[in-house]
Amino acid sequence: MDTVSFYGVGLPYLKNKKLPGKLIVIEGADGSGRSTQIAMLKDYLEAEGYAVLDTGLKRSNLVAGVIDRAKKGNILGKTTLTLLYCTDFADQLENKIIPSLAAGHIVLADRYIFTLIARDIVRGAKKEWLKKLLGFAIVPDIVFYLQANPEILLHRAFAKYGKLDYWESGMDVHLSTDIIKSFLKYHALLKKEFDYMADEYGFFVLNGEENIFQIQNQMRALLKEKILTNW
Amino acid sequence: MKETRAYGSSRKFSGKLFVVEGCDGSGKSTQIYLLKKWLESLNYVVYFTEWNSSDLVKEATKRAKKKNLLTPTTFSLMHASDFTDRYEKLILPHLRAGYIVLCDRYVYTAYARDMARGCDADWVKNVYSFAVKPTIAFYFRVPLDVSVSRILNGRTQLKYHEAGMDMGFSTDPVESFKAFQGIIMKNYDEMADKYFTIIDGTLPIEAQQRQVREIVKNALNNYVSPIRNNI
């Protein structure tokens with residue numbers, strides 16, 4: 001990335017600054033294969049000699065404790081939860097991602113503002129409000145979107161955890177009191193938002209139901225073509 | 001369920017919301033306390049809440065401030081989370097149920113402080129755009145040297161963020177506090193025409209309170225309390 005560009009008003013202190021690193025975002029639902037792909041991508045890039053930072057949503061220590069505590073008790077209003085996630089994202093952006101980009105690293109972001117947008121639109125937030133709220137986010141060099149159907153995600157969730165999680169099934173949205181029905185409806189709604197954003201923001205859409213290595217090869221080829229050549 | 005989360009301005013409540021704003025040392029907390037006493041003496045049910053007091057978020061904010069982990073953006077978002085938690089759980093439900101709500105500081109405090117820290121004005125306003133417009137927002141205006149000396153006389157030490165030390169105006173807390181409060185006051189003054197009922201904070205306390213009560217009395221002309229305190 002040369003001169004930083006933002007989705008909205010941005011961070012005042014970064015206006016017209018140059019960041020030599022590259023920001024690569026991988027988006028997709030839980031179970032779409034993000035972590036697997038990121039781990040493989042990190043190995044590959046490091047083997048190629050690039051310095052890599054991998055980071056994800058809800059890993060900062062600023063508010064992660066609050067979010068976890070609140071979710072356990074289910075005592076948060078929806079707008080409060082959105083703002084806490086947003087705080088957490090801002091903390092990671094400013095304290096991890098930007099310094100890494102300034103140091104010339106490749107940053108692999110396991111989810112970005114798009115997950116926050118999709119999750120919250122499904123919960124009734126206004127998109128314009130969310131987009132402005134998250135307007136301090138840097139525009140990534142590339143966004144990969146691992147697309148998968150809710151049925152596949154359902155079986156992967158069972159395979160991975162042995163059960164369905166309350167939040168990942170969208171039970172707080174009250175789509176159904178039946179957790180399987182809720183999961184399928186919730187993920188269908190999320191997918192709709194992601195598919196819409198794929199056009200809006202120009203994601204590279206990858207079929208998350210394909211073979212892991214096939215997906216990885218496509219990602220590497222795209223990275224080579226779009227990012228690594230001429231860097 | 002799919003209805004967009006309500007924006008304050010478009011909603012109608014039977015409750016009434018009175019807000020006090022002003023710089024530290026403007027005397028606003030004394031005034032809202034006296035207002036509360038008076039309303040209670042008239043048997044109204046009054047709900048009072050103050051800035052930065054959400055059980056959930058307060059601890060995290062305190063910890064982050066202590067460690068000096070915050071940027072202007074995360075500082076703003078942490079306080080927004082605190083406000084929103086109180087708004088969704090306490091302020092809004094009380095208003096909808098028809099009660100009188102008193103707030104010691106409201107969104108205008110965030111506008112004034114966050115803008116002083118360099119956040120974009122429109123961005124901050126968007127963050128809080130879901131909040132209902134108060135029935136009356138009192139602004140207690142006092143000259144800067146008065147409010148500053150009120151604070152300094154009653155206090156042996158200024159807190160780091162309170163003094164705006166994160167702004168880098170000065171390494172001397174008192175000088176930094178003066179500079180920071182000066183910007184906040186300027187921001188308040190600029191908002192005054194649009195949002196505030198101005199009270200001269202240099203008048204005797206009881207004279208200010210007489211004005212406040214008169215204005216509140218008029219605002220409660222057609223108000224009917226949902227219940228009476230002593231019934």
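**Exercise 1. Which residue of β4(B) is the bridge partner of B:Val20?** Then place β1(B) among its neighbours.

*Solution.* The model is predicted; local features need pLDDT of at least 70, side-chain atom pairs count only at pLDDT 80 or more, and totals for chains, interfaces and linings use all residues. Residues are numbered from 1 along each chain as its sequence is written, while chains are lettered from A and ligands numbered from 1 in the order in which they are written.

Step 1. The partner in β4(B) is B:Phe138. Helices (H or I, at least four residues) and strands (E, at least two) are DSSP runs, numbered from the N terminus.

Step 2. Turn to β3(B). There, B:Val20 has B:Asp104 as its bridge partner.

Step 3. Count the bridges. β1(B) (residues 16-21) pairs in parallel with β3(B) (residues 100-104) over five bridges. Four bridges link β1(B) to β4(B) (residues 136-141), also in parallel. Two strands pair if DSSP finds at least two bridges between them.

Step 4. Check burial. Six of the six residues of β1(B) are buried, so the strand is largely enclosed by the rest of the structure. A residue is buried if 20 or more other C-beta atoms, placed from the backbone, lie within 10 Å of its own. One side carries B:Lys16, B:Phe18 and B:Val20; the other carries B:Leu17, B:Val19 and B:Glu21.

**Exercise 2. In what order do the five strands of the chain B sheet stand?** Find the edges too.

*Solution.* Step 1. The order is β2-β3-β1-β4-β5, in an open sheet with parallel pairing.

Step 2. β2(B) (46-50) and β5(B) (197-200) are the edge strands; each has a single partner strand, so one side of each lacks a neighbour in the sheet.

Step 3. From one strand to the next, the twist averages 20 degrees. Axes are lines fitted to C-alpha atoms, for helices over the stretch in contact, and angles run from 0 to 180 degrees between N-to-C directions.

Step 4. At the β5(B) edge, four bridges join β4(B) to β5(B) in parallel. B:Arg141 stands opposite B:Asp200 there.

**Exercise 3. Which strands of chain A does helix α8(A) lie across?** Describe the sheet, then the helix.

*Solution.* Step 1. Five strands of chain A form an open, parallel sheet, β2-β3-β1-β4-β5. Its edges are β2(A) (52-56) and β5(A) (204-207).

Step 2. β2(A) runs parallel to β3(A) (residues 106-110), with five bridges. A:Gly56 has A:Asp110 as bridge partner.

Step 3. α8(A) (residues 212-228) lies across β1(A), β4(A) and β5(A), at about 165 degrees to β5(A).

Step 4. Its buried residues are A:Ile215, A:Gln216, A:Met219 and A:Leu223. Their cover includes α1(A), β4(A) and β5(A). An α-helix has 3.6 residues a turn, so residues three or four places apart point the same way.

**Exercise 4. Which residues is A:Cys86 in contact with, leaving aside its neighbours within four places in sequence?**

*Solution.* Step 1. They are A:Leu116, A:Leu133, A:Leu134 and B:Leu77. Contact requires C-beta atoms, placed from the backbone, within 7 Å.

Step 2. The largest nonpolar core has 125 residues; among those touching the most other members are A:Cys86, A:Leu134 and B:Phe138. Such a core is a set of buried Ala, Val, Leu, Ile, Met, Phe, Trp, Tyr and Cys residues joined through C-beta atoms within 7 Å.

Key. Two residues are in contact if their C-beta atoms, placed from the backbone, lie within 7 Å. A residue is buried if 20 or more other C-beta atoms lie within 10 Å of its own, exposed if 12 or fewer, and partly exposed in between; C-beta atoms are placed from the backbone.
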